[in-house]
Amino acid sequence: MFQLELADHELLKNAFESISSIVDEITLTADSEALHLRCLDTSHITFITMDLEKTVFDEYQCDTPEKIAIDCKDFHNILKKAKKNDILRINIDEDNIIITFEGDARRKFKLSLVDMEYDNPQPPKMDIPCKVNIPSDLLKTYINDLEFFSERLNFIIDENYLKLSCDGQKGEGEIEYLHGENILEVVSAMFSIEKLQEIMKASKFSKECSVEVGDDMPLHVIFTLPTNDGKLEYLLAPRLEND
Amino acid sequence: MFQLELADHELLKNAFESISSIVDEITLTADSEALHLRCLDTSHITFITMDLEKTVFDEYQCDTPEKIAIDCKDFHNILKKAKKNDILRINIDEDNIIITFEGDARRKFKLSLVDMEYDNPQPPKMDIPCKVNIPSDLLKTYINDLEFFSERLNFIIDENYLKLSCDGQKGEGEIEYLHGENILEVVSAMFSIEKLQEIMKASKFSKECSVEVGDDMPLHVIFTLPTNDGKLEYLLAPRLEND
Amino acid sequence: MFQLELADHELLKNAFESISSIVDEITLTADSEALHLRCLDTSHITFITMDLEKTVFDEYQCDTPEKIAIDCKDFHNILKKAKKNDILRINIDEDNIIITFEGDARRKFKLSLVDMEYDNPQPPKMDIPCKVNIPSDLLKTYINDLEFFSERLNFIIDENYLKLSCDGQKGEGEIEYLHGENILEVVSAMFSIEKLQEIMKASKFSKECSVEVGDDMPLHVIFTLPTNDGKLEYLLAPRLEND
């Protein structure tokens, strides 16, 4: 028996706005305490971790652990059909994930579960030295700003600023965001703007996000719900100068 | 002499939003009491009936009956140019329909009348057993919801619900809308989602619409103005299981 | 040393919305009193004049006259990145124009200056007889209205009206705008609708614009800032009946 109910369905839609742009099929795992996702895109560049504790939901029941393998774009497509005052319910049967919106009408959608060898990937453990917070929509805008110049950008954290910069044939761009953290070193790494944009499609998941940067290390982007019981994280492999 | 004036020009625009997506050329007929339309799309699937009594208009004058054959998309294109506070006037001369918007400026557009053998089609008489009312925008949404799964859907009316359902390779969808009518039987018929979407482009013509359903019978969708003096109706041929 | 600062950056963005649709590369000239633009599109149909006096800007400094040759689309692309509460700063170095937005972050964009033989074109002196004022957004709408019928339209000014009219295979359109000026003659000239639409992309530069019309003469469209210290003007060559 697996079943959840959620009035604030925007949360799931926002997460899958991003997830569905990165991976095709995923396996959600549910246990009595939380709903989890661990997955890696096929080019092995972006690792996604999502943990939604049962308190995120208005109702959550999972008697025995479940693996729910779904097509991400199809699932996102259904989530987008939610209307403002609908209550979202998700459960499963033998072959399907069942998404129900309870509102003016009861709208029930079944999506076939997919066959997927569950490889239970674990995110690499990283000790990334510098971490700053920034409003999610600002970070999204800044990344989009730089698309004009190049297909990759530098993330730099120094004592005062989170800096995004890049250059190309048309010119160069540099964005300096005063981070207000106590940081004593300078670190930098380069990333694909396209991959960053995929991640930032989750910007509405939480108003603020954290970014962790280390020299030529992966970028760690963390969206945490204000209630602290839900987290969506991305680990993005760096691009090297000669890529 | 044929002439009409209408401040609430949205009404005509909303009707032709749908009509122009279904038929290319039409013949409007006007008599001293009302403006009428009867037409059938070229694939003989959707029959449209529109009757706008003279009281719908702020002014209406038609001394002798007129047949006004026009290109629907062109006419709709002109109607879309209306601005909020404009007053719409329509009249005809020998060769043209003349659409005038009176507002910040007087904007006058003439469209050549088309040559059209007027065949005066009459809608087939049907005795469709079950009828329910539903807000037009909801019905429009529900139909769009199911496009994801299939190109056709079932309309089912039972004692309690108007149900729309369909299935396909990706899964299945079912929408249950509590109709609140006194209905004692169960009826169902299958329709093309694309054709239904064309009809529902008229959803703003009136806030509420009626649908009449019978086993494998055509679907009758009726939009009535709140003032009861204007009606836009569609009769949509069913699709059969083996189509 | 050339540097300017502007909180109301919409003004520049609105101007370049139009300018960048007409010309590819331009040379801005700056002197101690104002920023100027004179340019002619490659087909020699539209002449653009822009003069922004130093009082337009919150800060303006230009010690020695400067010629700043830039790619218009790239420059417009950067201007579009401005956020509502940003302050815009523009300066130059040897090889670049540097556009900085000061807001949540400092966002600094450098665009390479282009090589351009500066030909300093001067607009032809014209004595166009009739001039009327009209809200910019209305003129824009009226021109767009007529695109449906033809690719060119007539500008006519008579005692009472500014008239735009055209005809084509689908029919004809005529727009009469009561101008309220003291005009004693009738003048007309024909223009490309596409070129007029390019000009009217500047409609937000000022709420009201002036148009000057003479028989088969160029059209003069003038957008003036309410503060009277900034002006954006277009001189559009007429199309002849046999074009």
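**Exercise 1.** By what turn and what shift along the axis can chain B be laid on chain C?

*Solution.* The model is predicted: local features need pLDDT of at least 70, side-chain atom pairs count only at pLDDT 80 or more, and totals for chains, interfaces and linings use all residues. Residues are numbered from 1 along each chain as its sequence is written, while chains are lettered from A and ligands numbered from 1 in the order in which they are written. Superpose the copies by least squares on the C-alpha atoms of residues with pLDDT of at least 70 in both. A turn of 120 degrees and a shift of 0.1 Å along the axis lay chain B on chain C, with an RMSD of 0.0 Å. That is the relation of a three-fold axis. In chain B, the C-alpha of B:Lys84 is nearest the axis, 16 Å from it.

**Exercise 2.** Describe the contact of chain B with chain C.

*Solution.* Count residues in contact (C-beta atoms, placed from the backbone, within 7 Å). Chain B brings 13 residues and chain C twelve. Next, find the main element, using DSSP runs (helices: H or I, at least four residues; strands: E, at least two; numbered from the N terminus). S9(B) gives the most to this side of chain B, seven residues. Now look at pairing (at least two DSSP bridges between two strands). S9(B) and S13 of chain C (residues 171–178) run antiparallel, joined by six bridges. One pair is B:Arg107 with C:Ile175.

**Exercise 3.** Which strand of chain B gives the most to the side that touches chain A?

*Solution.* Here twelve residues of chain B meet 13 of chain A. S13(B) gives the most, with seven residues. Six bridges join S13(B) to S9 of chain A (residues 106–112), and the two run antiparallel. B:Gly171 stands opposite A:Leu111.

Methods
Contact = placed C-beta atoms within 7 Å.
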